[in-house]
Amino acid sequence: MTPENPQTTTQPGALSHLKVLDLSRVLAGPWCTQMLADLGADVIKVERPGAGDDTRHWGPPFLKDAQGNDTDQASYFTACNRNKRAITLDIAQPEGQALIRQMAAQSDILVENFKVGGLAHYGLDYASLQALNPRLIYCSVTGFGQTGPYAERAGYDLMIQAMSGMMSITGRPDEVPGGGPLRVGVALTDIFTGVYACSAILAAIEVRHRTGAGQHIDMALLDVGMAILGNQAAGFLNTGQVPQRQGNSHPSLAPYQDFPTLDGAMLLAIGNDGQFRRFCNAAGRPEWAEDARFVGMAGRVTHRSALIPAMEALTRTRSTAQWIALLEDKAVPCGPINDIGQAFADDQVKARCLVINQPLAPAVAAQSAIKSIASVASPLRLMATPPVLHRAPPALGEHTDEVLAELGLDAAQIAALRQGGVV
């Protein structure tokens, strides 16, 4: 691994010994399996013939061809499907079910996000596949889990953000212009569910090292949505006080929020007394650090209605860049509020090589007119076994023949399956 290229294609990844059968769609499951693929696992993504994963069509925005024109391929799919091999397979047909069983028998991990009981109709539930492969780790991702009164309901990230209380603490208070509950700008519970699912799978791998047996993992978006409430949940559970929306300020820290500047806004994240004192000295207001109201974090939180307006009057006197320059060598956390374009243009983001660009296979590029696909590099920086870049997000069914041949099917058998609409 080098600083210029933190991802590698020349050495096996940490999980290169594992095979993953990915029956998941949209975001939570595919995010999990992309993490496994980035770490080197051989992930085979199974999609519906002709249609594929829903996110292939969730646009705009769409991928661009060589001339900069929109294609019919949505960029959403590329966020969570790199490093995978893709096949198309109709699991509603007996021949398709048989192929899934054959692949499951040779896999270490299976990830699926069908409704509770949905795969049992096809004999592809955990009990059925565990009988074929006792070492199989079978991860089910659903909205509400395998048990409880809501188990059979479909669950979506936006619904979970609303039900979990996340939206009730996101946004500005009702009495402020623009106030009201808001969703987080990305599908946060989907992404966190993928991360938690990956962690659970790796834990199950460790258990299997000791016992030789796989197990069923029950991942629910609602469970994760409640868990990631973090300190807000802890505050409610231990005090009975329901947290409220308060914009960009923090319920337990002050000053810890956005502030207006001469030319826009900046972010100050002052988390302790030393940082507050250094800010006051640098800003020419040392008396604030001695004010009895503002001594200690609890005091600053209690008296934020006096502190914040005074600070806002001061922060408006300099530009954002001037404030950052003033504070960056004082160990006072201060930064710009970037849009995504500005974030990717940031020198630190560039230095960490957080944008990767993967060329498509020549045949796929010729058919789609898309030469390459950009995505965000894996943040998992293992020094000895860094993430790998095997392949770009796959075209629909790109590896069907390859994977079926590995199962022992010859060209005539594959052609027959294609003729029958199984693949």
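**Exercise 1. Classify Phe 144 and Tyr 150 by burial, then describe how their rings pair.**

*Solution.* Start with Phe 144: its relative accessible area is 7%, so it is buried. Here buried means under 20% relative accessible area, exposed means over 50%, and partly exposed is in between, with a 1.4 Å probe and protein chains only. Next, Tyr 150 has a relative accessible area of 33%, so it counts as partly exposed. Finally, the ring centres of Phe 144 and Tyr 150 lie 5.6 Å apart with planes at 80°, so this pair is edge-to-face. For the cut-offs, rings of Phe, Tyr and Trp (its six-membered ring) pair if their centres lie within 6.5 Å; planes under 30 degrees apart are stacked, over 60 edge-to-face, and the rest tilted.

A word on the model before going on. It is predicted, so local features need pLDDT of at least 70 and side-chain atom pairs pLDDT 80 or more, while totals for chains, interfaces and linings use all residues. Residues are numbered from 1 along each chain as its sequence is written, and side-chain values use heavy atoms, without hydrogens and water.

**Exercise 2. Find how many aromatic pairs the structure holds, and work through the pair of Tyr 126 and Tyr 138.**

*Solution.* The count is four aromatic pairs. For Tyr 126 and Tyr 138, the centres are 5.7 Å apart and the planes stand at 70°, so this pair is edge-to-face. Tyr 126 belongs to helix α3 (residues 126–132) and Tyr 138 to strand β7, twelve residues apart, and the pair links distant parts of the chain. Helices (H or I, at least four residues) and strands (E, at least two) are DSSP runs numbered from the N terminus. Both tyrosines, Tyr 126 and Tyr 138, are buried.

**Exercise 3. Which residues touch the most other members of the largest nonpolar core?**

*Solution.* A nonpolar core is a set of buried Ala, Val, Leu, Ile, Met, Phe, Trp, Tyr and Cys residues joined through side-chain atoms within 4.5 Å. The largest one has 33 residues, and Leu 36, Ile 109, Cys 139 and Ile 201 touch the most other members. Elements that each supply at least two residues of this core include α1 (28–38), β7 (137–142) and α5 (188–211). Now zoom in on Ile 201: beyond its neighbours within four places in sequence, its contacts (heavy atoms within 4.5 Å) include Cys 32, Val 111 and Ile 217. A second, separate core has 26 residues, among them Leu 89, Leu 136, Val 403 and Leu 404.

**Exercise 4. Where are the cis peptide bonds before Pro 60 and Pro 255, and which loops hold these prolines?**

*Solution.* Recall the background: most peptide bonds are trans. The bond from Gly 59 to Pro 60 is cis, with omega near 5°, and Pro 60 sits in the loop between β2 (42–47) and β3 (62–64). Ala 254 and Pro 255 are also joined by a cis bond, with omega about -5°. The loop of Pro 255 runs between α7 (230–239) and β9 (256–261).

**Exercise 5. Are Ala 331 and Cys 353, which have positive phi, buried or partly exposed?**

*Solution.* Ala 331 has phi near 60° and lies in the loop between α12 (320–327) and β11 (334–336). Its relative accessibility is 46%, so Ala 331 is partly exposed. Cys 353 has phi of about 55°, in the loop between α14 (347–351) and β12 (355–359). With a relative accessible area of 15%, Cys 353 is buried.
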